[in-house]
Amino acid sequence: MGWNPFNAFRLNYDENTIIRSAEALVALKLAGAGYNYVNLDDGWWLRRDAGGIEIRTNLFPSALLPDGTTSFRPLTDRMHAMGLKAGIYTDIGFNTCSQHWDKDSPNLPAGSVAQREVGLMDHGKQDGTAFFAKWGFDYVKVDACGVADYGPDQIDVRSGRYRAVPPLIVRGRPSASKPKELAALYGRFANSVRSVAGSSPIIAICAWGEADVNDWAGRYGQTWRTSSDIRATWTSMLHNFDSAAPRALFAGPGRWNDPDLLEIGNGEFDDSHLTEARAHMSMWAIIAAPLMLSYDLTRASPEIHKIAGNREVIAINQDPAGNQGVILSQEGDREVIVKQLAHREAKAVALINRGNQPQNIEVALTDLGFLPSANFRIRDVWTATEEQATGTIVRRTLAPHETALLVVQGTTIDANRMTPMEMPARIKVEEPGFKPVDRGGDRPWIAGRIGYHPDGRSITTNGEFDKQAIGVAAGSRLRIALSREFRKVRLTPAADGYEIYGDGKRVRALQMAGSHIELDVAAIENLDLIAPASASANDFVWGQVEFIL
Ligand code: GLA
């Protein structure tokens, strides 16, 4: 959680903007609510020379040291003295996003071709040492334009302004991108950071969901962007939300899907759009996304600060179990997402109206794993009201673009049994398998999901949506962190040839289509389920995976 200048200021910010924003975070009690990272984005650099990167001191005067060299230490010291943390920004290539996308900015790197190469390429260790060991940052956002936008046919490359880099990312075209090479670059940087930094800073990977980054970034960073840049429109916000929401089986403590900075306070989420601002906040909260504010903290209204600072919403986002909410249903403009909280009998539920018409949205208590017809409690975290209820259904009428964010407490149907929905943070797509070449359309291909096939079709059993099934791509490996806390796992595989390993030892490899298997797992830390590989068929289903306590 924190603040980043990009959505409010793009490249037009300076030290003063950063300090005023940090002070505002503290004064507005947003820092106290958890927003404690104050980050820089693109635009802080002047040039690279033999000693490393020189900071643009016309924007960051405190960076100019008496000996004429530059350092962000005075700035990070100031942030740390305020009880905050500090983040910096770089690129995995030679050059950066602004050098391609903001060509008219006065804040671009200056000098020769080599001096303007301020990205990490060939300098990971040197820059990592500067960022963490020397300057004292706690976080780095690592962008990827340097390996996407400097192909030999680019105008500025042909003119000799920038060095040519054959792209590892071709936007929108996974088959033309080079995920392995890209992963290797991020891996190398992550390793050098580990070797130079005293602590373990956060590495935020910013490759916009391209080159299969969402499938491997968790090995090298703590957050990874799942889509292109958010804009302050309802449509863009939904698009970015949808890029992350189906990926619950990739997230968990220390590894998070990042649908991008928040647009609360900006454009279609400003003072005249408080319903939309609350909805946007609810959606990021329920899918356990990073909460990076990016509005002008010194100008926004108290209503906006109140939405950003809602402690109950933040508690849902930051719940220690680390579960990303799972999509329970999606029909037209109505969507329901459920996030199991650390307290077994409490679930956060987002009832989302994505459209322009009012909607009635409901969810059955049994779908939340609660006994119907028993007493239950609903806490609405936006209205801060609590309701005792009986019945079988939670129902709300929602205004256009409204999201109701609820914490529902009930009686668990079977306290000894857990479904995948109740523990997505423990289930991880460790190795994504088969990928179709250049998936098109709006639906992203996702190697492992609860209730859905990788291509986005829902899984049905006996004609009903099977929210307990897990769909995986052929050849994928799921790792389930059982931590010796369960007695048994019950599986109903839907095809032959699955393999099961417990702590690296093969447990079963049977012809098991349609059969039920019960495994004794009391002594097992990690259970690996591997779907059969296939060159053509592209998805398999583990029906009804259940965990017995
Ligand atoms: C890319 C990133 C953005 C921002 C800009 C800065 O577009 O995705 O988040 O950092 O670069 O130039």
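**Entry 1: Trp 208**

I started at Trp 208, which is buried, with a relative accessible area of 8%. I note that this is a predicted model. I placed Trp 208 in the loop between β7 (202-206) and α8 (213-216). Its backbone caught my eye: Trp 208 has a positive phi of about 50° although it is not a glycine. For context, most residues other than glycine have a negative phi. Trp 208 is also among the residues around the ligand, so I come back to the ligand in Entry 3.

**Entry 2: Asp 122**

I then looked up another positive phi, at Asp 122, where the angle is about 70° and the residue is again not a glycine. Asp 122 sits in the loop between α4 and α5. Is Asp 122 buried or exposed? I found a relative accessibility of 63%, so Asp 122 counts as exposed, the cut-off being over 50%. Trp 208, at 8%, is buried.

**Entry 3: The ligand shell**

Which residues surround the ligand? I listed Phe 6, Asp 41, Asp 42, Tyr 89, Cys 97, Ser 98, Lys 141, Asp 143, Cys 206, Trp 208, Arg 225 and Asp 229. Sorted by class, I have five nonpolar residues, one polar and six charged in this shell.

I next checked side-chain distances to oxygen atoms of the ligand. For Asp 41, a polar side-chain atom lies 2.6 Å from a ligand oxygen. For Arg 225, I read 3.2 Å between a side-chain N or O atom and an oxygen of the ligand. For Asp 229, the corresponding distance is 2.5 Å.

How much of the ligand's accessible area does the protein cover? The ligand on its own has 310 Å² of accessible area, and the protein covers 94% of it. I then asked which elements give two or more residues to the shell, and noted α4 (97-101) and β6 (139-143).

**Entry 4: Aromatic pairs**

I found 20 aromatic pairs in the structure and looked at two of them.

In the pair of Tyr 37 and Tyr 139, the ring centres are 5.6 Å apart and the planes are at 50°, which I logged as tilted. Tyr 37 belongs to strand β2 (residues 37-39) and Tyr 139 to strand β6, with their positions 102 residues apart, so to the chain this is a link of distant parts. Both Tyr 37 and Tyr 139 are buried.

Trp 44 and Phe 131 pair edge-to-face, at 6.2 Å centre to centre with 80° between the planes. Trp 44 is in the loop between β2 and β3 (45-49) and Phe 131 in helix α5 (residues 124-134), so this pair ties together parts that are 87 residues apart in sequence. Trp 44 has 0% relative accessibility and therefore counts as buried. Phe 131 counts as buried because its relative accessibility is 1%.

Which residues do ring pairs link into a cluster? I wrote down Tyr 13, Trp 44, Trp 45, Phe 60, Phe 72, Tyr 89, Phe 131, Phe 132, Trp 135 and Phe 137. Tyr 89 of this cluster is also listed around the ligand.

**Entry 5: Charges over rings**

Last, I looked up arginines placed over aromatic rings. The charged end of Arg 247 sits over the ring of Phe 250, 3.9 Å from the ring centre. The charged end of Arg 449 sits over the ring of Tyr 452, at 4.0 Å from its centre.

Note on methods. Residues numbered from 1 in each chain as written. Heavy atoms only, no water. Near = heavy atom within 4 Å. Polar contact = N/O pair within 3.5 Å; in protein donor to acceptor, adjacent residues only side chain to side chain. Areas by Shrake-Rupley, 256 points an atom, 1.4 Å probe, with all protein chains shown as cover. Helix = DSSP H or I, 4+ residues; strand = E, 2+ residues; numbered from the N terminus. Nonpolar A, V, L, I, M, F, W, Y, C, P; charged D, E, K, R; others polar. Phe/Tyr/Trp six-rings, centres within 6.5 Å; stacked < 30°, edge-to-face > 60°. Buried < 20%, exposed > 50% of the residue type's maximum accessible area, 1.4 Å probe, protein only. Lys NZ or Arg CZ within 6 Å of the ring centre and 35° of its normal.
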